[in-house]
Amino acid sequence: MWLYLFAMFFVIATLIGFVVFAYVVTDKGSGRAVQNRVYLDYYLEDYSGWLEERVKSDSYWGKISSCIRDSKSGCCKPPSECGFVYVNETTWNPGGGLMGNLMDCTRWSNDQEQLCYSCDSCKAGVVASLKKSWRKVSIINIVVLIILVIVYVIGLAAFRNNKRMDNDEPFGMGRMTKAQPSVIQF
């Protein structure tokens, strides 16, 4: 029974650690509203911390971008400040407007193998997606954590009751009995 209680305590502590880690990692950053548009622009510098550093890393980004390419699901769009004109999900033409001075403006390509996979805005979009997913998983983990704590408390109570019964102690009585009556005898 001790092994069960220790294992449950370890699982609960690990789950608490994961929930706290997920909220700390996904604490900052979100999309920026774009005037006269229904979508958001994402900027990598809006995010900070471990998750952003992992996605920004060339070794991890190479794996992530290859998955996005293989899924044939376009990655992103160029930032609105670049002035590109929308043709379809994966084709944007340079517009007559102002070209932003972001590096992402020069990284965009209509080549289906290139698109904006090397853009920071694409990386930021992936981080935003991961943030949403991790938050959903954290909510599920909190529900599971509450259930596990209830089961742990019930198990602990059952263990104590079983231990009391093994010592032949009657239920409901204290463990110690008075050796002397409380009345002073002369």
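## A paired hairpin

In this predicted model, strand 3 (residues 84–88) is paired with strand 4 (residues 91–94) in the antiparallel sense, and four bridges link the two. The pair forms a hairpin, with two residues between strand 3 and strand 4. Within this arrangement, Tyr86 stands opposite Trp92, a residue of strand 4.

## The nonpolar cores

The largest nonpolar core of the model comprises 21 residues. Within this core, Trp61, Trp108 and Val127 have the most contacts. Three elements give two or more residues to the core: helix 2 (50–56), helix 3 (58–70) and helix 5 (120–166). Helix 5 provides the largest share, namely five residues.

A second core, separate from the one just described, has eight residues. Leu15, Leu145, Leu148 and Tyr152 are included in this second core.

## The surroundings of Trp61

Trp61 is one of the residues with the most contacts inside the largest core. When its neighbours within four places in sequence are left aside, Trp61 is in contact with Val55, Ile68, Tyr117, Ser118, Cys122, Lys123 and Val126.

## An enclosed cavity

The count of cavities of 30 Å³ or more comes to one. The space in the largest cavity is about 40 Å³. Its lining is formed by Val25, Thr26, Lys28, Tyr47, Ser48, Leu51, Glu52, Val127 and Lys131. Val127, which belongs to this lining, is also among the residues with the most contacts inside the largest nonpolar core.

Two helices, helix 2 and helix 5, each contribute at least two residues to the lining of the largest cavity. By residue type, this lining consists of four nonpolar, two polar and three charged residues. Both helix 2 and helix 5 also appear among the elements that give two or more residues to the largest core.

## Val144 on helix 5

Val144 is located in helix 5. Is this residue buried, exposed or partly exposed? Val144 counts as partly exposed because its relative accessibility is 35%, whereas a buried residue would have under 20% and an exposed residue over 50%.

Val144 and Ile12 are 132 residues apart along the chain, and a distance of 9.3 Å separates their C-alpha atoms.

How values were computed: Residues are numbered from 1 along each chain as its sequence is written. This is a predicted model: local features need pLDDT of at least 70, side-chain atom pairs count only at pLDDT 80 or more; totals for chains, interfaces and linings use all residues. Side-chain values use heavy atoms; hydrogens and water are left out. A nonpolar core is a set of buried Ala, Val, Leu, Ile, Met, Phe, Trp, Tyr and Cys residues joined through side-chain atoms within 4.5 Å. Buried means under 20% relative accessible area, exposed over 50%, partly exposed in between (1.4 Å probe, protein chains only). Contact means heavy atoms within 4.5 Å. On a 1 Å grid over the protein atoms alone, a cavity is a set of points where a 1.4 Å probe fits but cannot get out, and a pocket is an open set with protein on both sides within 12 Å along at least five of seven lines; lining residues have an atom within 4 Å of a point. Grid points are joined across faces, edges and corners, and a volume is the space filled by probe spheres set on the points. Ala, Val, Leu, Ile, Met, Phe, Trp, Tyr, Cys and Pro count as nonpolar, Asp, Glu, Lys and Arg as charged, and the others, Gly among them, as polar. Two strands pair if DSSP finds at least two bridges between them.
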